[in-house]
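Thank you all for coming; I would like to take you through one structure this morning, going from a single helix outwards to the cores, the interface and the charged pairs. Please have the view open while I talk.

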Amino acid sequence: MARTFDIRRQTGFPAIAMACFILLYLPIILLVAYSFNAGSSVAVWEGFSWRWYASAWENDQVRAATVRSLILALSATVLATACAVPAALAMARPGRFKGQGLIFGLINQPLMVPEIVTAVALLIVFAAVKVATGYTGMGYLILAHSAFCIPFAYMPIKARLAGMDRALEQAGQDLYGTPFRVFLRITLPQLWPGILAGAMLAFVISLDDVVITEFVKSAGQDTLPTYMLGQLRRVVTPEVNAIATVLLGISVVMVVAFFFLSKSRK
Amino acid sequence: MIEVIGVTKVFPGPDMDFTALGGVSLTVQDNEFFTLLGPSGCGKTTLLRVIAGFEYPTSGSVLLDGKDLLAQPPYRRPVNTVFQSYALFPHMSVAENIAFGLEMLNKPKAEIRKTVADMLDLVRMTPMADRKTSEISGGQQQRVALARALAPRPKVLLLDEPLSALDYKLRKDMQLELKRLQAETGITFIFVTHDQEEALTMSDRIAVMNAGTVRQIGSPREIYDQPSERFVADFIGETNFITADLVGVEGDGSGLVRVRLAGGVETHVQAPSSDLASAMSNGPVTLAIRPEHAILVDEPQGLLKGALENVVYFGTDTHFHVALDDGGLFVLRQQNQPGQRSDMSVGDRVGLSLGRGVGQILRD
């Protein structure tokens, strides 16, 4: 029997694959390990301790940044998902229409335009608005985060819709369901896993953002990532490791949940 | 009563428009088991979707008991569909699926409970009421889809190839089950299939469709015994086509006409329809003859003569392939009898005998 080309049998493949994985995960493992360092170095191990977690917990700046990050991520998630659901419905349901490809591209703009470009553009526009209105609150960050989270919320919802049998909605209408009742009783329950998955992805993306936040935030509006960045410029202690480890934990939980929701049977 | 009057449906395409229905007219009586039969792409499913309301026809009208059905959206039409994919709601139990239509009609809770119980009983699914639809077999899903569509007691039930996903034995069972359900509920069934055997065994009447048009409407027996044209004769069952010359019309109103076969012998065959018989003019015609309607005889007694080319044993019957002297191939089917031995072998000279009135002249 003729054997097909198998990349795994090529010389050096296992070594290269191993090197890639080490490069990806070793730094993260080290980061997590040193968050438990008893000493104040991020490079010299001096024994196990929870002290940096306690220190981060007691740090008012960290607490304020955490609360701000969570408010921001939650608001952005809700807004982005609220935009993504109707967008996905409009794109997937009534059949093809003229300019569909263009609109698809426009929705996914944040995935294609370099983040730094969006960040600078937002900085300029928001600066003008700040001068005109005098408002300097969290609104700018929430708007900016919502905007770049939309495609992340949109993708899983659209995938879910695409995999949904059109006949289900037709069956609902055939059985005397008005379009709105069919949406509530048939479409929405089917769509839930997609909506939740999209929301969680958006949450993680917002929680993790540095570039746009750094450009858009006003003074005293540090989120966890921008606070960490600020800390690194001064003195580096395992406290940053501890915060990073907690962020990592949240992301892993979210991504795992996302994975299972996307996989969940219809 | 459903009246489909001159319905056309054109799907616009980027290069070329596609005519799915090219002027279809037919009438389905109350309590009738009516089948739309045709090859895939013949427009039968499109017609069903027009009646259900999922497609709007380009022109024509559909009346239900004299009232315009097209003016109503699908959710106001007293017509329910059994979908080819069943389209059961996966987030609901079997009972919830069956209750859905009744809930949408805002029926009282007690009535819904009773109807659902009756429906579960009707399709013998009572023990499965609380199962998820993904936890039951294909045949059971089929029965739930039927119960769900029957529960609101529609005037007409539309069935879109509902048996095509089932294996052979289950399909046979469901054919009988569908006939039983139709008899018990008294609801008009419009059934779409491409399976001619299914259509013949289940239907009161069949409309044979091809390329967006209805070619013939009639009872299974009419469709099988008196196909009006070559497409119908070819699509339903197996048919031999032979050419002959029309030489005379019997004036006795029997619908029989006289033709001269290739060998010069004359015989009586059916005109396309009895009222057409007197209007026919002499000349070349095409005859359709079913394989089981001809009898294998010794060469001298045959109306048609030829050499035996192949003998194929099929269990219940045997097929004899005869190479006719005029060049055509004739397939003849003979039922096997216990203890019967055939002394005929390939290459033998044989004759084919046709009874009076066997053979049907096709239109065109």
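Let me begin with a term: by buried I mean a residue with under 20% relative accessible area. Please also keep in mind that this is a predicted model.

With that cut-off, consider helix 4 of chain B, residues 138-150, which has 13 residues and reaches 18 Å from its first C-alpha to its last, close to the 18 Å expected at 1.5 Å a residue. The helix is mostly covered, since eleven of its 13 residues are buried, and among them are not just B:Val144, B:Leu146 and B:Leu150 but also B:Arg143 and B:Arg148. Helix 4 falls within residues 2-236 of chain B, the span that an unreviewed UniProt entry lists as "domain: ABC transporter"; that span is 36% helix and 26% strand, and its end C-alpha atoms lie 25 Å apart.

Turning to the nonpolar cores, the largest has 40 residues, and those touching the most other members include B:Val4, B:Leu26, B:Leu47 and B:Ile51. Helix 1 of chain B, residues 44-52, gives the most to this core, with five residues. Apart from that core lies another, of 37 residues, among them B:Leu88, B:Leu102, B:Met125 and B:Ile136.

Now to the interface, where 19 residues of chain A are in contact with 28 residues of chain B. The two chains bury about 2100 Å² between them, 61% of it on carbon and sulfur atoms, and on the chain A side A:Asp174, A:Leu175 and A:Tyr176 lose the most area, together 37% of what that side buries. How many salt bridges does the rule find across the interface of chain A and chain B? It finds one, and in a salt bridge between the chains the side chains of B:Glu103 and A:Arg185 meet at 2.9 Å, N to O.

Over all chains, the search finds 25 salt bridges. One of particular interest for our discussion joins B:Lys9 and B:Glu55 at 4.0 Å, N to O; B:Lys9 lies in strand 1 of chain B and B:Glu55 in the loop between helix 1 and strand 4, so the pair ties together parts that are 46 residues apart in sequence. Both of these residues are buried. By contrast, B:Arg221, which pairs with B:Asp225 at 3.4 Å, counts as exposed at 64% relative accessibility, while B:Asp225 is partly exposed, at 30%. These two residues are four apart in helix 7 of chain B, and are therefore separated by about one helical turn.

Conventions: Residues numbered from 1 in each chain as written. Chains lettered and ligands numbered in written order. Predicted model: local features only at pLDDT ≥ 70, side-chain atom pairs only at ≥ 80, totals over all residues. Heavy atoms only, no water. Core = buried A, V, L, I, M, F, W, Y, C linked by side-chain atoms within 4.5 Å. Buried < 20%, exposed > 50% of the residue type's maximum accessible area, 1.4 Å probe, protein only. UniProt positions renumbered as here; feature names shortened; annotations may be inferred. Expected span 1.5 Å × (residues − 1). Contact = heavy atoms within 4.5 Å. Buried area = accessible area lost by both parts, 1.4 Å probe.
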